[in-house]
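Me: I'm new to this structure and would like a close look at a single part of it. Could you take me through the largest cavity and what lines it?

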Amino acid sequence: STGKLTVGVLLVVAPVLLPRALLAFKRNNPNVTVQVQEGTLGTLLPLLHAGELDLVVGRLTSDFVTTGLSFTPCYEEPMTLVVRRGHPLARRRALSLAALVDESWVLPTPEAAYRHRIDAAFRQAGVEPPAQRIESMSILTNTTLLQESDMLGVMPLNIARHYAKAGTLALLRVPLPQPSGPVGIIARADAPPVATRDDLVAALRAVGRSLERG
């Protein structure tokens, strides 16, 4: 096959799910060019509606109009708290959000669905969200900030495991709120069948199943 696919991706899938799925897809479709565009639902869904993207991969939240779209769930992925390797807190047990509120944090930007959930979790714990924070949706920026400081951050579990395996980050055992729903594939409901797009969807779903199994 030849041709081109354009895929929008959210933070939750960019570092692990999508690269693995693309490698599997390219083994069977070496001559198909895949163009990847990172963004938020707010920036990517209008492009999907306009036909400028073939797929968007991420979480579809209730904040957005889903008319004319289809959603194929791939896997559930919790969030986890991360710090640099060797961080003093990495040796601690029985930590809580309330006990960590005065630390410096890297948090999702205010428009991110998970930001509302973690802010609510702090308030349910009896404290206001951290005053010392950087707000960022960039995995590269966030990872560098965490590696080079004692800041705390939140990441999807499989991304955190990826960096922990590389020896750069450590996971903290702190209960966090669940995300808004499963990671999945968003497409236009009226999009005609395309074999290469279906192949990529199949690769994404296969990798998603392997991630859910851990």
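Reply: In this predicted model, the largest cavity is lined by Leu 11, Met 79, Val 106, Leu 107, Pro 108, Ser 136, Met 137, Ile 139, Asn 142, Val 154, Met 155 and Pro 156. Three elements each give two or more residues to that lining: β6 (105-107), α4 (139-147) and β8 (152-156). The largest share comes from β8, with 3 residues. If you sort the lining by character, 10 residues are nonpolar and 2 are polar, while none is charged.

How much space lies in the largest cavity? About 50 Å³. When the whole structure is searched for cavities of 30 Å³ or more, 1 turns up. As for the idea behind such a search, rolling a probe the size of a water molecule over the atoms shows where empty space is left.

Now let's step back to the chain around it. The protein chain has 6 helices and 10 strands, and its C-alpha trace spans about 55 × 35 × 25 Å along the principal axes. Its radius of gyration is 18 Å, which agrees with the value near 17 Å for a compact globule, because that is what the rule gives for 214 residues. Of those 214 residues, 46% count as buried. Contacts often link distant parts of the sequence: among those between residues at least 6 apart, 79% join residues at least 24 apart. On the outside, the chain exposes about 10700 Å², and carbon and sulfur atoms supply 50% of that area.

Technical notes. Residues are numbered from 1 along each chain as its sequence is written. This is a predicted model: local features need pLDDT of at least 70, side-chain atom pairs count only at pLDDT 80 or more; totals for chains, interfaces and linings use all residues. Side-chain values use heavy atoms; hydrogens and water are left out. On a 1 Å grid over the protein atoms alone, a cavity is a set of points where a 1.4 Å probe fits but cannot get out, and a pocket is an open set with protein on both sides within 12 Å along at least five of seven lines; lining residues have an atom within 4 Å of a point. Grid points are joined across faces, edges and corners, and a volume is the space filled by probe spheres set on the points. Helices (H or I, at least four residues) and strands (E, at least two) are DSSP runs, numbered from the N terminus. Ala, Val, Leu, Ile, Met, Phe, Trp, Tyr, Cys and Pro count as nonpolar, Asp, Glu, Lys and Arg as charged, and the others, Gly among them, as polar. The radius of gyration is taken over C-alpha atoms; the globule rule is 2.2 Å times the number of residues to the power 0.38. Buried means under 20% relative accessible area, exposed over 50%, partly exposed in between (1.4 Å probe, protein chains only). Contact means heavy atoms within 4.5 Å. Accessible areas come from the Shrake-Rupley method with a 1.4 Å probe; for residues, only the protein chains shown count as cover.
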